[in-house]
Amino acid sequence: MQEFDLLVVGGGPGGYVAAIRAAQRGLSVGLVEKEKAGGVCLNWGCIPTKAMLRSAEVYETVLHSEDFGVRAENVALDFGAVGRRKDGVVKNLTDGVAGLLKANGVTVIDGHARFTGPTSVDVYPTGDSPLGEGGPRYAAAPAGGEPVEKVTARDVILATGSTPVRLPIPGGDLPGVITSDGAFGLDEVPGRIAVIGGSAVGAEWASMFAAFGSEVTIVEMAPSLVPIEDAEVGKALGRSMSKSGVRVLTESTVSAIERTDGALRVRVDGSKEQQLDVDVVLMGVGRKPNTAALDLEATGVATDERGFVRVDEKMRTNVEHLHAIGDLTGKALLAHVASHQGVVAADTIAGHEAHIDYGVVPAATFTHPEIASVGLTEAAAKEAGHDVVTSRFPFAALGRSKTTGDEEGFMKIVAGSKHGEILGVHVIGPSASDLITEGTLAISLEATLDELADTIHAHPTLGEIGMEGAMSALGLPLHTAPPRRR
C-alpha cells in the first residue's frame with residue numbers, strides 16, 4: 001500500500017500541473033497515468049495536430065513560393081515524414097513533462113486506476129489499445145488480473161479527461177469511419193474525406209487534409225462553421241475554406257454511411273438530400289467524460305446528466321477530499337483551462353487561495369486562417385443586455401500583413417457603448433492564437449477602448465490590430481475609412 005497526501009488520477013495538462021503545484025506546496029504526491037505523461041493534449045490532441053498543421057502550412061507556403069520571388073521545383077509531400085516529425089515533437093514534450101514530475105518529487109504509477117473508495121484506488125496493468133500498436137491507451141480498459149499497486153491518499157484529484165464522441169449514425173462503425181484519434185493512424189493522405197462536425201476539431205482536420213491535397217467535404221448542422229464563435233467569424237471561415245477548395249455544407253446532417261464498391265457513401269440531409277462517395281469519414285463532433293472502468297460509483301461523486309463530474313469554484317466535488325478538474329468537469333474542454341483548474345485544486349488542497357474566472361477564457365482554433373476569441377460574442381453581449389459598439393479591423397490594412405503576404409481576416413472588438421469596456425475580442429487571421437492574449441488581458445483588467453487605443457504598439461507588427469481596432473470602435477481610425485458604428 002502506497003500512501004500520499006495527494007493522489008492525482010490522470011496525467012494530462014490538468015493532472016500533471018496539479019501534481020507539480022501540490023509538490024511545490026510541500027505535499028507528497030502520487031500520480032496514476034496509463035498513457036505517457038501529457039494526456040490527450042500532448043499525445044493525441046493539441047500538440048500532434050499543431051505539429052501536422054505546421055507541416056501543412058510549410059507545404060502550402062513552398063507551393064506558392066514564387067509569390068515571394070523564390071522558385072522551388074519538384075515539391076512533394078512526404079506524409080510519413082510528417083508523422084515522424086509529429087512523433088518527435090510529442091516525445092520531446094512528453095519526456096519533458098516526465099522530467100518535470102521527477103524533478104518535483106512526484107511518484108508516477110503506470111497503470112489504470114479503479115476506485116475502491118473516495119480516496120483509495122487499485123492500479124491495474126493497462127489493456128491493449130483499441131487502435132492497435134501506438135494507439136491511445138487512455139481509451140482502453142484495464143487488462144484485468146490482480147492490481148499491481150494499492151494506493152490511498154488524504155485527498156484525490158480526478159483528472160481523467162475526455163474521449164471523442166461517435167454519433168449513433170447507421171454505418172458509423174464501418175471500417176474507414178474514424179474519430180480524431182483514428183486520424184493519427186492513417187498511413188496516407190485520403191484522396192476524399194468527409195468531416196462530420198465543423199467545430200474546432202473537425203475544422204482543423206478539414207483544413208489540414210485540404211492543405212495536404214485531399215478532396216474535403218465538411219458537414220455542419222449549424223448555420224456556420226465553428227458555431228460557438230462570433231457569427232461573422234464562422235461565416236468568414238466558411239468562405240475561406242470554400243475558396244481553398246473545401247466543400248462546406250452547413251445546416252446539414254449525416255443520416256447514414258454505407259459501404260459501396262471501393263468507397264464509403266455518406267448520405268447528407270440539408271436543403272437538399274445528397275450523397276458523397278469518400279475514402280474516409282472523420283467524426284469531429286465533440287467529446288465525452290473519460291470515466292470508463294474507473295468504478296466511480298465507489299466514490300459517491302455526483303455527475304450531471306451527461307456524465308461530467310460536478311464541482312464548485314474550488315474544484316471540490318460533493319465528496320469530501322475528492323476533487324475533479326479538466327474535461328471531466330465539462331466546464332470548458334480546453335487544455336489551458338484544465339491546467340488552471342489543476343492549480344486551483346492543488347492550491348486549495350494545500351491551504352492557499354486560488355480562483356478561476358470562466359468568463360475570461362481564450363479559445364483558439366488552428367485552421368488556416370487561425371481563429372481565436374475571448375469574452376462575449378456580439379449576439380451574446382446583446383442578449384445579456386449590453387448596449388454595444390463593435391469594430392471590425394482587417395489584417396489587410398496592416399503593413400506587417402502586407403509584408404508577409406498573409407492578409408486574410410480581421411479582428412472584431414465588442415465593447416460597451418457608454419464606457420467603452422471591452423466585452424469580447426474575436427480574431428480570424430494570421431497568429432490569431434497569439435494575438436488573443438492581449439484581448440484576454442484587456443478583459444481581465446477591465447480595460448476600455450480608450451486604454452487600448454492609447455497603448456503604444458510596435459510597428460510593423462500584427463499586434464497593432466488591437467490598437468487599430470480600438471481606434472475604429474471609437475470612430476477615430478487612422479488606417480481605414482471611418483467604420484460604420486452599430
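Ala, Val, Leu, Ile, Met, Phe, Trp, Tyr, Cys and Pro count here as nonpolar, Asp, Glu, Lys and Arg as charged, and the others, Gly among them, as polar. By this scheme, the lining of the second largest pocket divides into 13 nonpolar, 12 polar and 12 charged residues. The model examined is a predicted one.

The second largest pocket holds about 1,200 Å³ of space. Its lining consists of 37 residues. Closest to the pocket centre are Glu57, Glu60, Thr61, His368 and Asp406. Five helices each give two or more residues to this lining: helix 3, helix 6, helix 7, helix 10 (399-404) and helix 11 (432-444). Helix 3 gives the most, with seven residues.

His368 also takes part in a cis peptide bond. The bond runs from His368 to Pro369, with omega near 5°. Pro369 sits in the loop between strand 18 (363-365) and strand 19 (371-375). Another cis peptide bond joins His459 and Pro460, where omega is about -5°. Pro460 belongs to the loop between helix 12 (449-454) and helix 13 (464-473).

The interior was examined next. In soluble globular proteins, nonpolar side chains tend to be buried together. The largest nonpolar core of the model has 33 residues. Trp205, Phe209, Val216, Leu237 and Leu282 have the most contacts inside this core. Several elements supply at least two core residues each. The helices among them are helix 3 (46-63), helix 4 (79-103), helix 6 (200-212) and helix 7 (231-243). The strands are strand 9 (192-196), strand 10 (215-219) and strand 15 (280-283). Helix 6 gives the most to this core, with eight residues.

Val216 shows how the surroundings of one core residue are built. Neighbours within four places in sequence are left aside. Val216 is then in contact with Ile193, Val195, Ala206, Phe209, Ala210, Gly245, Val246 and Arg247. A second core, separate from the largest, has 32 residues. Ile20, Ala159, Val344 and Ala345 are included in this second core.

The structure holds zero disulfides. Two cysteines illustrate differing degrees of burial. Cys41 has a relative accessible area of 12%, so Cys41 is buried, the limit being under 20%. Cys46 has a relative accessible area of 29% and is therefore partly exposed.

Two glutamates have unusual backbone angles for their residue type. Glu251 is not a glycine, yet its phi is positive, at about 50°. Glu251 lies in the loop between strand 11 (247-249) and strand 12 (253-260). With a relative accessible area of 55%, Glu251 is exposed. Glu446, also a residue other than glycine, has a positive phi near 55°. The place of Glu446 is the loop between helix 11 and helix 12. Glu446 is exposed because its relative accessible area is 67%, the cut-off being over 50%.

Ser120 lies in strand 5 (residues 120-124). Its relative accessible area is 18%, so Ser120 is buried. Residues up to four places away in sequence are not counted among its contacts. Ser120 touches Arg114, Phe115, Val151 and Thr152. Ser120 and Asp155 are 35 residues apart in sequence. In space, these two residues are 9.3 Å apart, C-alpha to C-alpha.

Definitions and conventions: Residues numbered from 1 in each chain as written. Predicted model: local features only at pLDDT ≥ 70, side-chain atom pairs only at ≥ 80, totals over all residues. Heavy atoms only, no water. Core = buried A, V, L, I, M, F, W, Y, C linked by side-chain atoms within 4.5 Å. Buried < 20%, exposed > 50% of the residue type's maximum accessible area, 1.4 Å probe, protein only. Helix = DSSP H or I, 4+ residues; strand = E, 2+ residues; numbered from the N terminus. Contact = heavy atoms within 4.5 Å. Disulfide = S-S within 2.5 Å. 1 Å grid on protein atoms, 1.4 Å probe; cavity = no way out; pocket = protein on both sides within 12 Å on 5 of 7 lines; lining within 4 Å. Points joined across faces, edges and corners; volume = space filled by probe spheres on them.
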